[in-house]
Amino acid sequence: MLKIKDLKKSYDLFQLDVSFEIPRGCITGLIGANGAGKSTIFKGILDLISIDGGTIEIFGKDYKTLSKKEKEKLGVVLAESGFSGFLTVQDVAKILENMYSQFDKAMFFDYCKRYQLPLKKQIKEFSTGMKAKLKILTAISHKAEFLLLDEPTTGLDVLAREDLLSMLREYMEENENRTILISSHISTDLEGLCDDLYMIDNGKVVLHEEIDTLLGQYGLLKISSEQYDTLDKNYLLRKKRESWGYACLTNQKQFYLENYPSYTMEKGSIDEVITMMIKGEKI
Ligand SMILES: Nc1ncnc2c1ncn2[C@@H]1O[C@H](COP(=O)(O)OP(=O)(O)OP(=O)(O)O)[C@@H](O)[C@H]1O
């Protein structure tokens, strides 16, 4: 669905250089701290910034050659975008109807009712959660095949975030060919939604893994210096010196559980894996 090879973009001290592929029918997450380069990737894919190098293919074509009809198959939420605050939901529906031949008006108003989005109130009076839901709704209501969502959950409370993730899950359930690329710095959002995860740090991909593998096969060994000295280190990815010894990240948890059953092995949250990959020392 999307193929990015050696995408490069420089801003002063920041240098983006990433390659990745997003298969049809999957939800792929981009996770990274503020300034990691997530929005730059989205803007590159959508041709909103000039890139310094690399290739981007969407639907098997160079991204610059997409026809109007093909662009209609994209549903986009960008961190800094949105409709004018002076418009109402009814105005937005009219705009979408004119923009997209596939706009599903009934579904749009049905969702507005379900998520209590008032039709006649100006958007500037909406809460952050209401604005976020409207943005997602504008991305999914024209039956887009591929959603590109940059930080759609930022600033939302737990309930609003859950509503938004439900909208995305429903969107995926309706058609198995639908595909999502979503970024967030909140790992739990992506953990419960995505099939595949790319971790971005300082413009580079530091880890690519399926969520099931990340949750099932990664683990954090917490051991003393003496235990570390005699440990088989072949299946360790990173280590970090701690006051009590070493924390070690492995993607072969089972090996250490079987061979060192008395050593402390923690499941390791996605945040801990990210921290170890970025701050830990290579073995
Ligand atoms: N137009 C620009 N001019 C100069 N520097 C920029 C510009 N846009 C982005 N940058 C820099 O590029 C880097 C990556 O920014 P980007 O917005 O892609 O990060 P991000 O991962 O989306 O962060 P956040 O989660 O805070 O939105 C940052 O160092 C940022 O300051």
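How do the residues of the shell around the ligand divide into nonpolar, polar and charged? Four are nonpolar, seven are polar and one is charged. The model is predicted, and this shell is a good place to enter it.

The ligand is surrounded by Y11, F14, G32, N34, G35, A36, G37, K38, S39, T40, A79 and H185. Which helix gives the most to that shell? Helix α1, residues 38-45, does, with three residues.

Now step back to the annotated region. UniProt, in an unreviewed entry, lists residues 2-227 as "domain: ABC transporter". Over that stretch the chain is 35% helix and 29% strand. The C-alpha atoms at its two ends are 45 Å apart.

Take helix α6 next. This helix runs over residues 158-174, which makes 17 residues. From first C-alpha to last, α6 reaches 25 Å, close to the 24 Å expected at 1.5 Å a residue. Its buried residues are R161, L164, L168, Y171 and M172. Why do they sit on the same side of α6? They cover an arc of only 100° around the axis, and that puts them there. The other side of α6 carries exposed residues: V158, L159, S166, R169, E170, E173 and E174. What do the buried residues pack against? Their partners are β3 (27-31), α5 (128-140), β8 (179-184) and α7 (187-191).

Helix α11 can be read in a similar way. It spans residues 270-279, and I270, V273, I274 and M276 are its buried residues. Seen down the axis of α11, these residues fall within an arc of 165°, so they line one face of the helix. Several elements cover them, including β3, α7 and β9. Helix α8 (211-217) and strands β12 (236-242) and β13 (245-250) are also part of that cover.

Strand β9 deserves a closer look. It covers residues 196-201 and holds Y198. Is Y198 buried or exposed? Y198 counts as buried because it has 23 C-beta neighbours inside 10 Å, and the cut-off for buried is 20 or more. Leaving aside neighbours within four places in sequence, Y198 is in contact with F20, T28, L30, V205 and H208. Of these, T28 and L30 fall within the residue range of β3, 27-31. E210 lies twelve residues from Y198 along the chain, and the two C-alpha atoms are separated by 8.8 Å.

Strand β3 links these views. The buried residues of α6 pack against β3, and β3 is also among the elements that cover the buried residues of α11.

Note on methods: Residues numbered from 1 in each chain as written. Predicted model: local features only at pLDDT ≥ 70, side-chain atom pairs only at ≥ 80, totals over all residues. Helix = DSSP H or I, 4+ residues; strand = E, 2+ residues; numbered from the N terminus. Expected span 1.5 Å × (residues − 1). Buried ≥ 20, exposed ≤ 12 C-beta atoms within 10 Å, placed from the backbone. Arc of directions from axis to C-beta. Contact = placed C-beta atoms within 7 Å. Near = placed C-beta within 6 Å. Nonpolar A, V, L, I, M, F, W, Y, C, P; charged D, E, K, R; others polar. UniProt positions renumbered as here; feature names shortened; annotations may be inferred.
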